[in-house]
Amino acid sequence: MRTPVWEVATDADEVHELLCASDRCQAERFASPVPRRNPATTEFRVRNGLVHLLRSEGRAAAMFTLTEAPTFDVPPGVFPAARSPAYLSRLAVRPDLVAAASLAGPLCLRRAMALARERGADMLRAEANPDIESTVECMVLLGFRRCAAVPDDDAGPRRIHLYRVLT
């Protein structure tokens, strides 16, 4: 990946295409279901400047969404207390970069932590699919902590909650 450049995403179609391609790739790699993504949600997040895009050689390489409020259902008491948390979601990496063991995913996580810290957040919170082991392991290596065990019920997609103190 040569000369990566960060930008706030402006093209919802490009973002949605990257997100869906990443979802399909991860589902295939880890034998997990492909999430259903709503293009209107992507459009809203792009329009509101919430999606951060890593571009390399003019192409979208990876992305994440950073918000001040959760974009996912947060079970009561799952996260430790925080004065001003930020929320990370929709981390996605282009499939060819995943296959090449690119550092695009860790770059996204580091960028999300830096931006959250710059904006005054004291904690970065996230929800992830625990079946995508490489993402969870990468997050843990970068200082994220798991909140609780993943419930073993069939009430919907499996989720794990993670957080990173930003002091």
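**View 1. Seven strands form an open sheet in the order β1-β2-β3-β4-β5-β7-β6, with mixed pairing.** The edge strands are β1 (5-8) and β6, and each pairs on one side only. The model is predicted: local features need pLDDT of at least 70, side-chain atom pairs count only at pLDDT 80 or more, and totals for chains, interfaces and linings use all residues. Residues are numbered from 1 along each chain as its sequence is written, and side-chain values use heavy atoms, without hydrogens and water. Strands (E, at least two residues) and helices (H or I, at least four) are DSSP runs, numbered from the N terminus. Two strands pair if DSSP finds at least two bridges between them.

**View 2. β1 pairs with β2 (residues 51-56) in the antiparallel sense.** The pairing spans 4 bridges. W6 has L54 in β2 as its bridge partner.

**View 3. β7 (residues 160-165) pairs with β5 and with β6.** β5 (residues 123-128) runs antiparallel to β7, and 6 bridges join them. E127 is bridged to H161 in β7. β6 (residues 145-146) is also antiparallel to β7, over 2 bridges. Here R145 stands opposite Y163. In β7, 5 of the 6 residues are buried (under 20% relative accessible area, 1.4 Å probe, protein chains only). The strand is therefore largely enclosed by the rest of the structure.

**View 4. R164 of β7 is buried yet has no salt bridge.** A salt bridge would need a side-chain nitrogen of Lys or Arg within 4 Å of a carboxyl oxygen of Asp or Glu. The nearest side chain of opposite charge, D122, is 11 Å away. Instead, the R164 side chain reaches the backbone oxygen of L142 at 2.8 Å. Contacts of R164 (heavy atoms within 4.5 Å) include M113, R117, M123 and F144, leaving aside neighbours within four places in sequence.

**View 5. L88 and L124 touch the most other members of the largest nonpolar core, which has 30 residues.** Such a core is a set of buried Ala, Val, Leu, Ile, Met, Phe, Trp, Tyr and Cys residues joined through side-chain atoms within 4.5 Å. β3 (59-67), β4 (85-93), α3 (95-99), α4 (104-118), β5, α5 (133-141) and β7 each supply at least two residues. The largest share, 7 residues, comes from α4. Another core, of 11 residues, lies apart; among them are A9, V15, V46 and A92.

**View 6. L124 touches residues including L66, L88, M113 and F144.** From β7, L124 also touches L162, Y163 and R164. Residues up to four places away in sequence are not counted.

Note on methods. Buried < 20%, exposed > 50% of the residue type's maximum accessible area, 1.4 Å probe, protein only. Lys, Arg positive; Asp, Glu negative; His and termini not counted. Polar contact = N/O pair within 3.5 Å; in protein donor to acceptor, adjacent residues only side chain to side chain.
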